[in-house]
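Hi,

Here is the structure I said I would pass on. Have a look at it first, and then read my notes underneath.

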Amino acid sequence: MHYELYIDSVFFLNFIMNLYLLLLVDRSTLRIASAGRLIMGAAAGAVCALLPLLTGGPGLLKLAAGAIAGTAGMLYITFSVRGFRMFLKLLERLAVYSFGMGGAMLFLIRLIPGLRGFLGSVPGVVGMGGLFFLLFGRFQRELHKTDSLCRAVLSLQEKKIRTMALIDSGNSLFEPISGKPVCVIGREVFSELWEGTQEGFRVIPYHSIGKKRGILPGYLLPELILEAGDIKYRFTDVYVAVSEEKISAEDSADAEPVNMIINPRLFAEDKKGSRRRRQNERRYDTEGYDTGKDAVQDDSQG
């Protein structure tokens, strides 16, 4: 029996299916992958899927090598994996969604045998994969309504505070001089961590519904660690704005209140242009915890 395989079709099919799976994995974590990394990871997996077709050797060995290289490459490129435990956690989620999507397609073929021909085509696989991606995504949101919640560890000199944080796409605050994203903390967390000191002060402008514009006091936090399961991300020199209003109205005994709102731009990878722009800006904005007091004095003199 003779089969014809088109390299471009195989690549496109694997790329789209990899993208579906990586998006599901990303939504089950801290949404730490940028659009560019998702695309690069899906493309890397698709390239590795072509290796068994382009190289010689035993068929099973080639398939296994391509699958291992493709899976590891996808995860490391997409999520900037930091540590073996994080890799295993991501691998577990990728496997769950892979088997789930494959099992759903096989079940559909057995349930409706007439779909076998359609699902054997590239448009059929991509279309049904997209349908199951939407269904899994909806089920994921209903099952894990707190997926955007994570544990935050705020560190300032010798002090550390642990609290619940919400990753909220509605938070688009940024520090006007450096252009860095700004997170929001409650007054209680600020008072406990800073204890009245004004060092590292910044002015953070904001817009909100019902109030055209306003200003929040902001401060430079030396270290912020976000934890969700076995996945941890560490950030340094993060700007935080202090809210006088309660961030979470949750007062029930079985639910821990949220005292911090994370700007999702923290997870975005710097592009060459923005990295170059920020380096230029830093000539005028000496970012550092110890320089905030001087910045306030200079402003008052103007």
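**What I found**

Let me start with one contact: the side chains of Thr163 and Asn259 make a polar contact at 3.1 Å. By polar contact I mean a pair of N or O atoms within 3.5 Å; within protein, one must be able to donate a hydrogen and the other to accept it, and residues adjacent in sequence count only if both atoms are side-chain atoms.

Before going on, a word on the source: this is a predicted model, where local features need pLDDT of at least 70 and side-chain atom pairs count only at pLDDT 80 or more, while totals for chains, interfaces and linings use all residues. Residues are numbered from 1 along each chain as its sequence is written, and side-chain values use heavy atoms, with hydrogens and water left out.

Back to Thr163, which sits in strand β2 (residues 159–167). Helices (H or I, at least four residues) and strands (E, at least two) are DSSP runs, numbered from the N terminus. Thr163 counts as buried because its relative accessibility is 3%; buried means under 20% relative accessible area, exposed over 50%, and partly exposed in between (1.4 Å probe, protein chains only).

Helix α7 (residues 187–194) has two sides. Val189, Phe190, Leu193 and Trp194 are buried there. They cover an arc of only 100° around the axis, so they lie on the same side of α7; the arc is that of the directions from the helix axis to the C-beta atoms. Glu188 and Glu192, on the other side of α7, are exposed. Just after the helix, Glu195 takes a positive phi of about 55°.

Now the salt bridges, meaning a side-chain nitrogen of Lys or Arg within 4 Å of a carboxyl oxygen of Asp or Glu. The count comes to 4, and here are some of them:

- Arg202 and Glu175 pair up at 3.7 Å, N to O. This links distant parts of the chain, with Arg202 in strand β4 (residues 201–208) and Glu175 in the loop between β2 and β3 (182–186), 27 residues apart. Both are buried.
- Arg187 and Glu244 meet at 2.3 Å, N to O. Arg187 is in helix α7 and Glu244 in the loop between β6 and β7 (258–262), so parts 57 residues apart in sequence are tied together. Glu244 is exposed, at 57%.
- Glu223 and Arg234 meet at 2.5 Å, N to O. Glu223 belongs to strand β5 (residues 211–228) and Arg234 to strand β6, so this pair ties together parts 11 residues apart in sequence.

Cheers
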